[in-house]
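Colleague: Could you take me through one part of this model slowly, as if I were new to it? I'd like to know what holds the metal in place.

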Amino acid sequence: MAGLLSRLKKVEPVEQGEGELNPFGHASRAALLGSLENSDLGWFWASDAGGRIVYLSEPAARRIGKPSEEIVGLTITEIFAPLDDNDTPTNERPLKFQLAARNAIRPVTVQLGIGEHPGWWEIAGVPQIDEEGNFNGYHGIARDVSEEHESKRNAEKLSRYDSLTGLSNRHRTSKLLETTLTAFKASKRSCAIMLIDLDRFKQVNDTMGHPAGDELLKQVAGRLRRILGEDVEIGRIGGDEFKVIMPDEEDRGVLGDLAQRTIQMISQPYSVNGMRAVIGCSIGVAIAPFDGIESDELIKAADLALYAAKGGGRGQFRFYSSDLKDQAGYRHQIESDLRDAIAKDELEMHFQPIVDAKTHEVACVEALMRWNHHERGMISPADFIPVAEEVGIIREMGEWALNNVCQTIVNWPGAVTAAVNVSAVQFSSEDFVEIVRRALQKSGVNPERIELEITESVFVGDMERALRVFAELKELGVQLSLDDFGTGYSSLSYLRDAPFDKIKIDQSFVRGCTAPDNRNDAIIAAVVGLAGALGMKTVAEGVETKDELEAVTQQGATLLQGMLFSRAIPGEEILDRLERGELEFKPLGPAKYRSDRRTQFRKIGLIHGDDRYNVFLRNLSKTGAKVEGLLDVPVGTDIVLDLGGGQLAVATVRRSEGFSQGVEFETHLINDGANGLCTRHRVSPYQLEAAGKPLRSLNDEAVAVYTGAARTSPKAFVEVEIGRR
Ligand code: C2E
Ligand code: MG
Ligand code: MG
């Protein structure tokens with residue numbers, strides 16, 4: 001192209017005098033230009049000083065789809081629009097600038113701005129300057145590069161989009177976040193990101209095959225698009241991990257609702273190649289500039305939030321907060337120490353009695369693993385079992401559990417059975433049945449005295465295999481219980497097909513079942529009825545109070561388990577009771593369930609006028625709080641509670657008694673995804689920066705905004721010392 005251009009330049013200005021030697025001859029030069037113009041190799045155009053087209057090769061006009069008379073008179077920029085924003089930004093200087101400067105137009109790709117069909121041309125031109133130095137317009141050439149442009153665009157699209165789901169890929173997503181945050185920092189705008197990680201996707205992929213996994217990911221992408229809308233950027237940044245960028249969003253009420261809805265939608269069953277698949281997802285949310293200003297900070301914050309959401313039992317969302325860092329450290333330590341726990345003999349089995357609903361005599365014990373960590377003491381299985389599943393040592397631990405339980409109860413008198421929890425990961429391993437068989441054989445225990453507690457999540461993926469394994473286990477003679485019923489993806493169809501002996505109704509249904517306007521008692525009654533019809537027993541888990549005991553007994557549960565009877569205790573204690581024939585466990589505990597038990601006791605800031613006081617937060621609800629520590633604050637006083645992390649809640653004192661005040665919030669708090677509450681909005685680090693605090697130092701500390709100016713008058717209220725009660 002450039003070569004052609006220079007030749008045009010050379011050829012045109014030279015007047016060929018008659019008789020002068022010309023290698024082509026006059027006629028042949030015209031013919032050459034003519035044939036060139038008629039080919040699609042290149043066309044000619046010329047403009048006047050005002051940028052209006054005065055000449056365009058006929059074939060070029062035909063390509064545009066307009067007669068050349070209609071094109072003549074239009075300006076260059078009318079015919080050739082600059083590339084639109086979605087197109088590759090080029091390094092070329094935009095056409096408009098080149099024209100305005102009357103510079104030579106270097107080959108530049110432009111988009112046709114007129115005509116019926118889209119098209120991309122490459123044009124170039126040289127300014128025409130006469131002897132007096134006047135600019136008379138351009139002479140130029142053009143050619144159609146639509147095909148090259150399209151294929152280049154496709155290649156770029158491929159490198160920016162995930163070919164499986166059509167979402168942005170990791171590269172594009174992180175670039176976009178970086179440019180967005182850089183731009184927003186200057187304009188002090190906020191931006192939220194959501195990291196979404198699928199739960200149990202690997203299980204589906206492993207049991208149903210990779211093509212099914214791919215299909216599932218496509219459907220997940222479709223659902224995300226529908227829930228989150230077209231306006232946000234959704235990227236797939238790993239196998240089963242997605243990142244969502246939401247500019248100008250900082251309202252944690254909106255974000256929490258969106259996260260909750262996303263979890264619900266993603267957890268609905270999928271139909272993949274004619275099979276049913278169920279997965280879930282966990283979500284971590286971080287918001288700039290509160291949780292991070294640069295993109296790597298913000299991603300780290302969202303990652304920690306996601307990590308906490310997964311650690312919290314999956315199917316949850318979390319907002320980032322600075323204390324997550326400590327929790328992450330704790331989890332890392334669990335992760336590294338867990339590998340040695342078996343070797344160091346730090347695991348123990350405790351046994352919780354499950355009593356007959358009529359006689360309150362122990363019928364069964366549930367084996368619950370305890371980790372006696374050399375530094376930290378007892379660690380809850382709720383903390384370490386998910387980690388063991390993730391780092392892949394759950395099989396080893398599960399085998400240890402089976403052997404331990406079989407060997408323990410083989411010596412127990414009577415017919416008390418023992419239930420062992422089986423993780424879905426353990427269940428899915430090929431040699432699971434074999435491990436059970438070996439544990440039974442080695443100990444010589446009667447298989448009927450062993451129960452395996454299995455959760456609904458084993459039905460994820462390959463249902464046929466699950467049924468086969470159940471049959472093999474029944475063949476061995478062990479009993480099967482369905483644990484935590486109602487918390488997973490309850491489908492009644494697998495209850496019909498699977499040979500369970502017991503259904504354990506999850507504690508969440510038992511808890512508070514006696515509270516007014518609570519429908520849990522109806523659910524319990526329905527499950528009991530269903531189990532009875534299928535010939536299965538029911539266990540009510542987590543019975544803590546006398547009124548819960550009365551309710552679940554009335555609904556007809558056959559067996560009961562909970563703190564009201566006994567927590568999990570060492571095997572020797574159970575053996576001791578069995579040997580003495582003391583089978584009955586008396587219900588000992590509170591009479592009633594209290595929903596307001598979640599009292600708090602933490603130090604927060606209370607701001608009144610120019611003063612900041614330290615007070616204790618006693619109770620926190622969406623609408624208000626009870627604080628202690630200030631003497632005789634009048635009812636009606638307007639205050640601000642500093643709940644930490646930039647969370648300021650404007651409130652009014654409604655009740656006041658000595659050093660204790662009940663306050664009502666101006667704006668309700670919202671759910672923080674972790675059974676806690678938080679403010680919708682936070683004080684922006686930009687506001688604090690304006691108030692003289694450096695932006696960078698703010699992410700870690702609980703923000704103490706009003707530090708109090710130099711005092712001239714005494715504080716309005718008297719602070720009193722309050723100890724932890
Ligand atoms: P799970 O199988 O549902 O076990 C019942 C849990 O409820 C136990 O928690 C038990 O201590 C607790 N619990 C019993 N009664 C009450 C009550 O009245 N109130 C309350 N609030 N809680 C009660 P724990 O021991 O912390 O175990 C938690 C979970 O860890 C278990 O839930 C089980 O899923 C898992 N787990 C425990 N041991 C093992 C094990 O050996 N292998 C596997 N794979 N998982 C285990
Ligand atoms: Mg259990
Ligand atoms: Mg349970």
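Modeller: Start with the magnesium ion (ligand 2): its protein donors are E366 (OE), N421 (OD1), E453 (OE) and D483 (OD), lying 2.0 to 2.2 Å from it. Donors here are N, O and S atoms within 2.8 Å of the metal (3.2 Å for Na, K and Ca), and water is not among the atoms, so sites may look incomplete. Along the chain, these donors follow the spacing E-x54-N-x31-E-x29-D. N421 sits in strand β17 (residues 417-422) and D483 in strand β19, so this pair ties together parts that are 62 residues apart in sequence. Strands (E, at least two residues) and helices (H or I, at least four) are DSSP runs, numbered from the N terminus.

This is a predicted model, where local features need pLDDT of at least 70, side-chain atom pairs count only at pLDDT 80 or more, and totals for chains, interfaces and linings use all residues. Side-chain values use heavy atoms, leaving out hydrogens and water, residues are numbered from 1 along each chain as its sequence is written, and chains are lettered from A and ligands numbered from 1 in the order in which they are written.

Now, D483 also bridges to the magnesium ion (ligand 3), and the two ions lie 3.8 Å apart. Ligand 3 is coordinated by D483 (OD), D484 (OD) and E541 (OE, listed twice), at 2.1 to 2.7 Å. Its donors have the spacing D-D-x56-E.

How buried or exposed are these residues? D483 is buried, with a relative accessible area of 5%, and E541 is buried too, whereas N421 is partly exposed at 28%. Buried means under 20% relative accessible area, exposed over 50%, partly exposed in between (1.4 Å probe, protein chains only).
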